[in-house]
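Hi everyone, thanks for coming. I'd like to walk you through one structure today, going from the chains to the contact and then to the core.

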Amino acid sequence: MRTTRRWRYIPLGLWAIFVLFPLYWVVITAFKDNSSIYGGARWLPFVDYHPNLGAWRSILGGDNSVLAPLAHSLIAVGASTFIALVLGSMAAYGLVRFPLKVAWMRSHDISFFIISQRMMPPVVIVMAFFILYRHLQLLDSLLGMTIVYTGFALPIVVWFMQGYFRQVPIELEEAALIDGAGRPSVFWRIALPLTAPGMVATFLLAFSFSWNDFLFAVMLTQTKASTLPITIAQQQGELGTAWWNICAISLISIVPMVIAAIFLQKRLVTGLLGGSGR
Amino acid sequence: MTAAAAERQSGESGTRSDLPRGGLPLPRLGRIASGWAFVLPAVLVLLLLNTFPLIYSLALSFSQVSTDTGLSFGHATLGNWRILLHDDNFWTSLQFTAIFTVIAVPAEYVIGFGLALLLRDHIAGGGFFRVLFVIPMMLAPVTIGFMWRMLYDPSNGPIDAVLRGLHLGSPGWLSGSHLAVVSVVLMDVWEWTPLLFLLLLAGLQGIPDEVLDAARIDGANGLQTIMRIVFPIVGPVSVMAIFLRMIDCFGVFGQIFLLTGGGPGTATTSTTLFAFFQGFQTFNLSYGATISLALLVLVIAVATLFLLIARLVMRRVQI
């Protein structure tokens, strides 16, 4: 099956164009202004319109500065993903290595309980969070968003990390135990470092889910903790939509995701596939 | 004697055969206790952040809580559920969600499978295509919604500019209620085919070359190979991938909110969107919670049914 079949490049090329064109449109629109957006489609910078940096000036320090929302996103999403990664890795390790039992539930039932949280449409709990946060005065706070996103990311982390821990040879851990290492240090010093590449992939994927989240952010934040997706949505106002700003902010939020995609492409799959089987 | 030595001794005295797979030689009590020390924090966090809000939502749906009543619980009532059953908008939103899922997921599966077949073998530029094809699923739904609104724009968008150039006129991608559904599905295909592609590619790459070569030598043609060998092997991956996509489709929100706002009329109002409108634009939180719980019940029912059918089909395939 090593023969190169040239015809493959036709469907692959077509799909590549389908994937790339919308991205291209976002990139060129980020350099447009009022005059080059309206009055028909403009395809090529310098050829049929004059690109300008108006959008970038406006979002990087102007009236529509994205620096604060960017910081909110980084803090709330970064902190929550980190907490979820620590708690989730511990749980995944415990579930993979110990035969737990509570009432009728065994390890794989507990693991199913955790992963099944992913099945719940987020809108189910967001109403409750709105009221609870209102009472606890956590609305529009970074702490509140960090808490929500921790719960959001945790099931995915457990799911993925189980797959990675299963691949760690148990002999290494046994050897360390026999040499007198305690359980916590076997976890922190041996098992966890061995899953490092998987942890990176898991972190990036969980990060991307919260990073892109719109539902929680739109309901639970206003200004003090508004995240990038909210800022993008806010560019659509009563005075018209600032398409150039939307595209420029989108590009800022896309960059970490594209880097993640390049890293993830292989690792992601191991996690998705490895964590589900037992 | 140190604790470590005690641990070692008891560890060595246990026979390995009666240990569960993956279990380590440790005193039984210590093993379970330290296992819980690992698992408990995550379980408690989830009970607090997912299970408790879920129960709270349930309580909301049996009460009358809105900003008008100062967010306090009133008497228990079945009113919300009764209203829901007779709410045409709810059923319309379910119908849209179902149609959307039923068209989008199979389309994504077929395309994703095709792309994965094309990229299974090492070909020049394969790495480039693989990375490129994954990018859409990493973008924010908000970005994707706006992106497609620009593309579909009748006067300034590129799609209609091309159609006008070909004298085909403007179909009104987002203004006709049937076409708007198609437009939303197309956007979803753009966004989520990557996930199916990625998972199926991994599944396909797990099939040893020898198996496919043997099939060819035995005279199987391409279609037979795919139907008899490839499908049964990637079956489990397919089930999981479709399952994941299905669940996410039921919760679709951000992209549609920004592409069509649920319109024209209610043509593209997904159930999540409907719950959002009820809960946060009219601030009837109880009703919003009721709608979302009905959605959850439906997701669980469909998911269970899907897994049951998948299990039956897979058994047949394996024979």
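**Two chains and what joins them**

Let's start with chain A, whose secondary structure comes to 13 helices and 4 strands. Before I go on, please keep in mind that this is a predicted model. Along the principal axes, the C-alpha atoms of chain A fill a box of roughly 75 × 65 × 30 Å. Buried residues make up 49% of its 278 residues. If you take the contacts in chain A with a separation of 6 or more, 77% of them are between residues 24 or more positions apart.

Now over to chain B. It has 13 helices as well, but 0 strands, so to speak an α run from the N terminus on. Of the 319 residues in chain B, 39% are buried. For contacts with a separation of 6 or more, residues 24 or more positions apart account for 67% in this chain.

How many residues does each chain bring to the contact? Chain A brings 83 and chain B brings 85. On the side of chain A that touches chain B, helix 13, residues 243-274, gives the most, with 15 residues. That side of chain A divides into 61 nonpolar, 15 polar and 7 charged residues.

Next, a helix pair inside chain A. Helix 4, residues 67-97, packs with helix 7, residues 142-166, at an angle of about 40 degrees, and their axes are 6 Å apart. The crossing of helix 4 of chain A past helix 7 of chain A is right-handed. In their contact we find 22 nonpolar residues, 8 polar and 1 charged.

That brings me to the core. Which residues of the largest nonpolar core touch the most other members? Out of 161 residues, they are A91(A), V157(A), A42(B) and L200(B). Helix 7 of chain A gives the most to this core, with 15 residues. Have a look at A91(A) on your screen: leaving aside residues up to four places away in sequence, it touches I114(A) and V158(A) in chain A, and F38(B), V39(B) and A42(B) in chain B.

I114(A) also turns up in my last stop, helix 5 of chain A, residues 107-116, where the buried residues are S107(A), I110(A), S111(A) and I114(A). Why do they line one face of the helix? Because, seen down the axis of helix 5 of chain A, these buried residues fall within an arc of 100 degrees.

That's my tour, and thanks for listening!

Key: Residues are numbered from 1 along each chain as its sequence is written. Chains are lettered from A and ligands numbered from 1 in the order in which they are written. This is a predicted model: local features need pLDDT of at least 70, side-chain atom pairs count only at pLDDT 80 or more; totals for chains, interfaces and linings use all residues. Two residues are in contact if their C-beta atoms, placed from the backbone, lie within 7 Å. Helices (H or I, at least four residues) and strands (E, at least two) are DSSP runs, numbered from the N terminus. Ala, Val, Leu, Ile, Met, Phe, Trp, Tyr, Cys and Pro count as nonpolar, Asp, Glu, Lys and Arg as charged, and the others, Gly among them, as polar. Axes are lines fitted to C-alpha atoms, for helices over the stretch in contact, and angles run from 0 to 180 degrees between N-to-C directions. A crossing is left-handed if the near helix is turned anticlockwise from the far one by less than a right angle, and right-handed if clockwise. A nonpolar core is a set of buried Ala, Val, Leu, Ile, Met, Phe, Trp, Tyr and Cys residues joined through C-beta atoms within 7 Å. A residue is buried if 20 or more other C-beta atoms lie within 10 Å of its own, exposed if 12 or fewer, and partly exposed in between; C-beta atoms are placed from the backbone. The arc is that of the directions from the helix axis to the C-beta atoms.
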